[in-house]
Structure formats: C-alpha cells, structure tokens
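Reader: I have a model open on my screen and would like to understand the labels people put on it. Could you take me through them one at a time?

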Amino acid sequence: MNRPNIRITAFLAVVLLVAASAARTQQSSSDPAKPQASSPAQSTASQEVPPPSGQTFKREVNLVDVLFTVLNRRNKLVPDLEQGDFKVFDEGKAQEIRYFSKQSDLPLRIGMLLDTSNSIRDRIKFEQDASVSFLFSVLRRNKDEAFIMTFDDEPQVIQGFTSDTGALRDQVMGTRAGGGTAIYDAIYEACTKQLNHPPRPAGDQPDVVRRVMILISDGEDNLSLHTRSEAIELAQRTSVVIYTISTSTQWVALEETNPEKTSDRKYHLTDGDKILQDLAEETGGRAFFPYHVDDLDQSFQDIGDELRNQYSIAYQPVNYTLDGRYHKIRVEVPDHKGYRVNARRGYYARPNQGNNAADSGSSGGTPQGTPQGTSKP
C-alpha cells in the first residue's frame, strides 16, 4: 500500500472513533436510569436555599417556662421526681409539658434588699444580722455572687455583685435607718439593673444561673412610683424568685408571758406581712415571719437547698393570645399526696417590650415571664 493510502486510512479510523465516543456520550445523558453525578456542594444547594441577604425569618414559639421545687409533708425537698409525675394547668386547662429538666447546683445570683426606712428603725439590727446570716449560710465563694441594695426614699446599690462575704457584711453593718419606704421601686430597679443581666460564671453554659431576691422589710410601701403588680411582673419576666423576711413584731400579743418562745407566739399577719407573702408566692418563693435571727437558721439552709435543686418545665399554652391578661398557673403532683409545689402563680400574656427586662437572657431556659418567640435549648 502506498503512503497516501496509509494516511487516508488512518484519518478515517480517527473520525470513526470520535463519532462512536460522541454517540455513547449522548446516549448516557439521555438515559433516565443513569443520572449524572453531582458534587456534594451542588446537592446541598439544590436542597437548601438560603434566605436573601439581610433577612431574618422568625417563628413565634410562646413557651412558658416554670421553675419550681417540691416539698413533702415535713417541708423537706423532694429532688427525684420525673416528668410523668407532674401536671401543669394554665387558666385551669391541662397543658402538654414540652420540656422538662432537673437543675441542681447552679450558681446563684442574689440580690439582698434591705429596708432602711424610718419605720424599721427599731429592727435595723435584726435586718443586719439576718442579712449576714443568710450570706454566710448560702453564698459559696468563687461560685455564687450577691449585691446589696438599700431602700428608703429611693433604692441604692451599696455593694455590687461579689462573692466576698466579708465585703458584703461590712456594707450591711454600716446601714442606717431613715426616710420613707419605696419597696416596689427597689424590686423593679433590682430586676432591671442588676438581676436582668447578672455576672456570668465561667464554663460551657455561661448563662445558666439562678436569680433570687431576699427582701427584708415590714412591707409597708408609701413612696414607690411603680405598683406592686408591676414589680411582680418584672420579677417574673426576669426569672427572679423572691424570698421575703418580715421585720414586723406586731403579731406578738401583749398577754404572752414570753414572746421569745415559739410555742407562746400568737400569729397575726399585718397588712405589710400579707404584701410580703404575696410578693413571695407570686414569684415561687416563700415568706418568713421570725422574731429572732436564730429562727431563720434552718430556713436559710432550706432556701439554699431549694435554689440548687429545682425542676423546670416548659409548655406552649393552648389557644394562646397576647391579650395582656394575667394567666394563672398551677403545677400538681397528683400521685403523691402531701407533696407541695412552690412555683410562681402566673404570667402576663404580653409581648416583650424592646430592650426591657424581658430581654433577660437565659436562666436555664426561657425567661420566666411572658411567653415569647424563643426556643428551648
């Protein structure tokens, strides 16, 4: 075969190979049983389309978070119950518990609010001793922190958050009495400016703390600009549990031979005492009516145990509407007779108001106030 024929034959062979390859490629792309492979990035993009830049999509959850403790007939803490032991009611209607947890050994953030008005002048020493006794009984150095606020005509923080019990004691013992009484303003300001955003502990969950207020007063407010309901609502919104200690001794009857003996006492709550009781019960705390500081020793130990061993449940109210009404809450332990639940009594069905205390951050879950558009961890 001559050279020109060899070149022609080779050229025809190349053309035939190219044509065959093109035919196979076309057949492969048109065969539905053999889809073309795509890279992982392409697959992800086709399944999840991100929102346009600058836009945020929000979904309202309206969870109500309730912190509470359970006590038995002997007023001892019951820490070993499970979700199935509880039922929660909102305005008398049973609710589905969406989230449940046991919270123990949480860092405490404590506000000590001391009434230094003229009406408690004779009991200022009792207030000082009770405050110091509580701090030394409950506060754990390098884990818990407390601040001291006094109030007469107006509230004043005399010691910021610290775990130094010595510094706290020194400020407490230097207090003096005089002026009017603005209890509700003190609660409001303590929640807004101190307990709303308390110091965060180190660790993996820096927001999880227990917020508590110890209010020592005779309960007789005469100067506040805020109302009692406003003070209670703000405490609920910021997840603050209020424990109150009355300085009143008006319940000690004159005919008692020895009013210092517990067995001889004749209890009669004053109007101020009833206010203190209401503040405590509405926020899930307890009210105490002692005569001597020694009467509080066991109570302080009990408070410390309660604050470090609490249950948390959250539910989404059925047919919830932002109607501004106060909704009553009831938590029950139906299968355990004699058990008592200490929990706040309700919440206000209102939206969060911008940068107020409702934007309080986490307290082991959703802030313990108005239901809001947030999700549980």
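**Reasons behind the labels**

Author: Gladly! Let us start with Asn-142, which sits in the loop between H3 and S6. Please keep in mind that this is a predicted model.

Reader: Why is Asn-142 called exposed or buried?

Author: The relative accessible area of Asn-142 is 71%. Exposed means over 50%, so Asn-142 is exposed.

Reader: What makes the phi of Asn-142 worth a remark?

Author: Phi of Asn-142 is near 70°, a positive value in a residue other than glycine. Most residues other than glycine have a negative phi. Glu-91 also has a positive phi, of about 55°, and is not a glycine.

Reader: Where does Glu-91 lie, and why is Glu-91 called partly exposed?

Author: Glu-91 is found in the loop between strand S2 (87-90) and strand S3 (93-95). Its relative accessibility is 37%. Partly exposed covers the range between 20% and 50%, so Glu-91 counts as partly exposed.

Reader: How do you know whether Asp-218 is buried or exposed?

Author: Asp-218 belongs to the loop between S8 and H6. Its relative accessibility is 6%, and buried means under 20%, so Asp-218 counts as buried. Leaving aside neighbours within four places in sequence, Asp-218 is in contact with Asp-115, Ser-119, Ile-120, Thr-247, Gly-272, Asp-273 and Leu-276. One of these partners, Ser-119, is 99 residues away along the chain, and the two C-alpha atoms are separated by 7.8 Å.

Reader: And what makes Thr-150 count as it does, buried or exposed?

Author: Thr-150 has its place in strand S6. With 7% relative accessibility set against the limit of 20%, Thr-150 counts as buried. Not counting residues up to four places away in sequence, Thr-150 touches Leu-114, Thr-116, Pro-155, Gln-156, Ile-158 and Thr-175.

Reader: Let us turn to the helices. How many helices and strands are there in the chain?

Author: The chain has 8 helices and 14 strands. Two packed helices are described by the angle between their axes and the distance between the axes.

Reader: Why are H5 and H6 described as roughly parallel?

Author: Helix H5 (residues 183-195) and helix H6 (residues 228-237) pack at about 25°, and their axes are 9 Å apart. Angles under 35 degrees count as roughly parallel, so H5 and H6 are roughly parallel to each other. Their crossing is left-handed. From H5, Tyr-184, Ile-187, Tyr-188, Cys-191 and Thr-192 meet Arg-228, Glu-230, Ala-231, Leu-234 and Ala-235 in H6. By class, this contact has 7 nonpolar, 1 polar and 2 charged residues.

Reader: Why are H3 and H4 called roughly antiparallel?

Author: The axes of H3 and H4 come within 9 Å and cross at roughly 170°. Over 145 degrees counts as roughly antiparallel, so H3 and H4 earn that description. Gln-128, Asp-129, Ser-131, Val-132, Leu-135 and Phe-136 of H3 make the contact with Thr-165, Leu-168, Arg-169, Val-172 and Met-173 of H4. The classes here are 6 nonpolar, 3 polar and 2 charged residues.

Reader: What makes H3 and H8 oblique?

Author: Helix H3 (residues 124-138) and helix H8 (residues 297-308) pack at about 45°, with axes 9 Å apart. Angles under 35 degrees would be roughly parallel, and roughly perpendicular begins at 65. The angle of about 45° fits neither, so H3 and H8 are oblique to each other. The crossing of H3 and H8 is right-handed.

Reader: Which residues stand out in the largest nonpolar core?

Author: That core has 27 residues, of which Ile-110, Met-112, Phe-134, Ile-214, Tyr-243 and Ile-245 touch the most other members. Its largest share, 6 residues, comes from H3. Apart from this core lies another of 23 residues, among them Phe-147, Tyr-184, Val-240 and Ile-242.

Reader: Which residues does Phe-134 contact, leaving aside neighbours within four places in sequence?

Author: Phe-134 is in contact with Ile-110, Met-112, Leu-139, Ile-214, Phe-300 and Ile-303.

Reader: How many residues does the chain have, and what percentage are buried?

Author: The chain has 377 residues, and buried residues make up 47% of them.

Notes:
Residues numbered from 1 in each chain as written. Predicted model: local features only at pLDDT ≥ 70, side-chain atom pairs only at ≥ 80, totals over all residues. Heavy atoms only, no water. Axes fitted to C-alpha atoms, helices over the stretch in contact; angles between N-to-C directions. Helix = DSSP H or I, 4+ residues; strand = E, 2+ residues; numbered from the N terminus. Parallel < 35°, antiparallel > 145°, perpendicular 65-115°, else oblique. Left-handed = near helix turned anticlockwise from the far one by under 90°. Contact = heavy atoms within 4.5 Å. Nonpolar A, V, L, I, M, F, W, Y, C, P; charged D, E, K, R; others polar. Core = buried A, V, L, I, M, F, W, Y, C linked by side-chain atoms within 4.5 Å. Buried < 20%, exposed > 50% of the residue type's maximum accessible area, 1.4 Å probe, protein only.
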